[in-house]
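This report describes selected features of one protein chain. Please look over the sequence and the structure before reading on.

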Amino acid sequence: MPFQEFKIENLEAFPKDLEVMLASQLAVIEEIVKSDESAYDKVIKPMQDLDEELGNFFTPLSHLNSVENSEATQKAYEASLPHLSKFSSTIAQNEALFEKIKSVNAQNSEQKRVLEHDIRDFVLSGTDLSLEEKKELEAIDLKLSELGNNFSQNLLNATNAFEMIIEDEKEVAEIPASDLALAKTEVEGKTVYKFTLQIPSYLAYMTYGTSRERREEIAKAYASRSPENAEVIDELLALRQKKAKLLGFESFSAYSLATKDASSTDEVTKFLEELGQKALPQAKEELAELKAFALRTDGIEDLQGYDVAYYAEKLKKEKFDFDESMTKPYFEQSKVLRGLLDVVSELFGVEFKPSTATIWNEKVKPFDIYKEGALSGRIYFDLEARESKRGGAWMHDWETHYVDAKGEKHLATAFIVCNFSPSTEPNPSLLRHDDVVTLFHEMGHGIHHLFGTCEERSVSGINGVAWDVVEFPSQFLEAFAYEKPILKRFAFHHETGEPMSEELLDKIKETKNYQSALGIVRQVELSLFDFNLHKKLYQGEEVQALIDGIRETTALLKVPSYNKFQNGFAHIFAGGYAAGYYSYKWAEVLSADAFYECLDEQSGFNQEKADGYLKYVLNKGGSEDMSSLYKQWLGREPKVESLLKLYGIEG
């Protein structure tokens, strides 16, 4: 059987079965360590088989817990996590295994890459350190985890503590009915409107709130949240720097790059500064246009930060007279999916055939993938929202393409999960254009995994791909979702069958780049702050001084002194983005540059370049640095100008 069947025999027994499997795997690893073998096929290959076995077993539960959540899946999932955590820390601390891996000789470049990654990961987990240093690293990691949690909790408490009550109908006159309905409440028998610092509520008032005083009030509350996080930041920064030094790195930024594609801290800083400088002239023009609009419509002579979203929305309406509801009738879910599969089929020479694979919900659509007539992979689409499914959209890899220790080839499988409006008997599922973009984006991740052709599991598909380039294939494919020749394949009115008009197709593209330069400059500001903050140790007022210095070139409006944005920057202080926030734009330069190479204005794409993209980027997975693969494909490095062009910025 080429694929695993999607099923869990017994949810209640799952954690115990997992524990038994992990114990068995540790015994196999112990045997490998004690053996006299040092051949790659006798040491690394069997361990990759163990990885695949564990992934094949655990993924159905983690997936089910996300898409068909129930008390039973939750219970089984939560009971399984401690077993996995204990297993991974046992492996990471196995010095004998580390020594065994170091003794292995690679026979080819793929195997060499696997060994490099394995050794690097052991070193980064502190295996090379003395016993005393290991204990210190363990204590640092524990404290960092605790501080990240404290940061989040402080932010959550501050977010929940604020509410802005509005009684005057005039102050909410422009807020859309759906947002207003959520804000509407009763206080002492009187109808009022409550706005909070939760993102949907906060953005609703900042974007549509009529009262300038009220916008300033809620903006000030948002920008000055969690002052106590300043102390948490100091502790986090000190410990991160200490950890980096303990592991032999000059700074936490340098430590962060050990698992990324960027080669040096200087390269990242230079990239961000160059991108910012190139977007700045247009950002100034965009702001000047906004200021002129605010002056013309409301006599505002001193546009402030809390005015930007409000006037940007009004100007957008005046300029484009366009909203998502105009395109929605043309994007019927099954037609969009078929169109996407046709695009991928043509681009990469594959065929998608409906599959009879076991599914977890009747709305799931599985397809088997064929390349040159031979079965090559399987993909499951689970696209509609339901109560038992967590929000958002993602790609989840399951099986991996590789050759096992017995010489047998395994094929890849992946899940594409979205939360589009559900289809019913009388009504089809209709997508916003944003949803179309999301589907293309997740499919980009999917084919990166499914089209991998490596023989070594650890570097096949999305495995072993550097963190700052993992979004490259997803952003690449999503860019096609704005192109007329692509949209014309599936944009037909769900009732009349009429194709979408040229005017609407144009508006989709035009609105995409509205105020894009201001957006890029803001992203550069955040990325530079994050990356420079981790280059050396900043404490106390030095943190504010650093962001103030960056804002001298990036902030086109004066930032008020009460703005302590860093105290709410959860991405880098409580998420996984410390010294890595730049990755968003780093990957986007690759994707934009690759997109223009593969795009043909008439047909939609350039087949010769698409073949190269498949061969050098998708097929190779994590077997080489993406920067090296990119040069092999095009004979050059990606150009920052391509990203500017994608956003309609004259670079």
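## Helix α22

In this predicted model, helix α22 is largely enclosed by the rest of the structure, because 13 of its 16 residues are buried. The length of α22 also agrees with expectation: its 16 residues should span 22 Å at 1.5 Å a residue, and its end C-alpha atoms are 23 Å apart.

Ala579 is found in the loop between α21 (570-573) and α22 (583-598). Its phi is near 55°, a positive value in a residue other than glycine. Ala579 counts as buried because its relative accessible area, 0%, is under 20%.

## A second loop residue with positive phi

Glu188 likewise has a positive phi, near 50°, and is not a glycine. Its place is the loop between β2 (184-187) and β3 (190-196). Is Glu188 buried or exposed? With a relative accessible area of 83%, Glu188 is exposed, because this value is over 50%.

## Helix α5

Helix α5 covers residues 109-124 and has 16 residues. From its first C-alpha to its last it reaches 22 Å, close to the 22 Å expected at 1.5 Å a residue. At the start of α5, the backbone nitrogen of Glu110 has a side-chain oxygen of Asn108 within 3.1 Å. Just after the helix, Gly126 takes a positive phi of about 90°.

Which residues of α5 are buried? They are Glu110, Gln111, Arg113, Val114, Leu115, His117, Phe122 and Leu124. These buried residues pack against four helices, namely α2 (40-67), α3 (71-92), α4 (95-103) and α11 (252-256).

## Thr554 in helix α20

Thr554 lies in helix α20, which comprises residues 541-554. Its relative accessible area is 10%, so Thr554 is buried, the limit being under 20%. When residues up to four places away in sequence are not counted, Thr554 touches Val521 and Glu525.

The side chains of Thr554 and Glu525 are joined by a polar contact of 2.8 Å. In addition, a polar atom of the Thr554 side chain lies 3.2 Å from the backbone oxygen of Ile550.

## Aromatic pairs and charges over rings

A search of the whole structure finds 42 aromatic pairs. One of them is formed by Phe6 and Trp398, which are edge-to-face, at 5.7 Å centre to centre and with 75° between the planes. This pair links distant parts of the chain, 392 residues apart: Phe6 is in the segment before α1 (14-34), and Trp398 is in the loop between β7 (394-397) and β8 (402-403). Phe6 counts as buried at 6% relative accessibility, and Trp398 is buried with a relative accessible area of 2%. A further pair is that of Trp360 and Phe415, whose ring centres are 5.4 Å apart and whose planes are at 90°, so the pair is edge-to-face. Here too, distant parts of the chain are linked, 55 residues apart: Trp360 is in the loop between β4 (350-354) and β5 (365-371), and Phe415 is in strand β10 (residues 412-420). Trp360 counts as buried at 12% relative accessibility, and Phe415 is buried at 0%.

One aromatic cluster is formed by Phe348, Phe451, Phe472, Phe476, Phe480, Phe595, Tyr596, Tyr613, Tyr630 and Trp633. Charged groups also meet aromatic rings. The charged end of Lys353 sits over the ring of Tyr370, 4.5 Å from its centre. Similarly, the charged end of Lys512 sits over the ring of Tyr647, at 5.3 Å from the ring centre.

## Cysteines

A disulfide is a covalent bond between the sulfur atoms of two cysteines. How many disulfides are counted here? The count comes to zero, where a disulfide requires two cysteine sulfur atoms within 2.5 Å.

Why does Cys598 form no such bond? The closest cysteine sulfur, in Cys454, is 19 Å from the sulfur of Cys598, and this is too far for a bond. Cys598 counts as buried at 0% relative accessibility. Cys418 is also buried, with a relative accessible area of 0%.

Conventions. Residues numbered from 1 in each chain as written. Predicted model: local features only at pLDDT ≥ 70, side-chain atom pairs only at ≥ 80, totals over all residues. Heavy atoms only, no water. Helix = DSSP H or I, 4+ residues; strand = E, 2+ residues; numbered from the N terminus. Buried < 20%, exposed > 50% of the residue type's maximum accessible area, 1.4 Å probe, protein only. Expected span 1.5 Å × (residues − 1). Contact = heavy atoms within 4.5 Å. Polar contact = N/O pair within 3.5 Å; in protein donor to acceptor, adjacent residues only side chain to side chain. Phe/Tyr/Trp six-rings, centres within 6.5 Å; stacked < 30°, edge-to-face > 60°. Lys NZ or Arg CZ within 6 Å of the ring centre and 35° of its normal.
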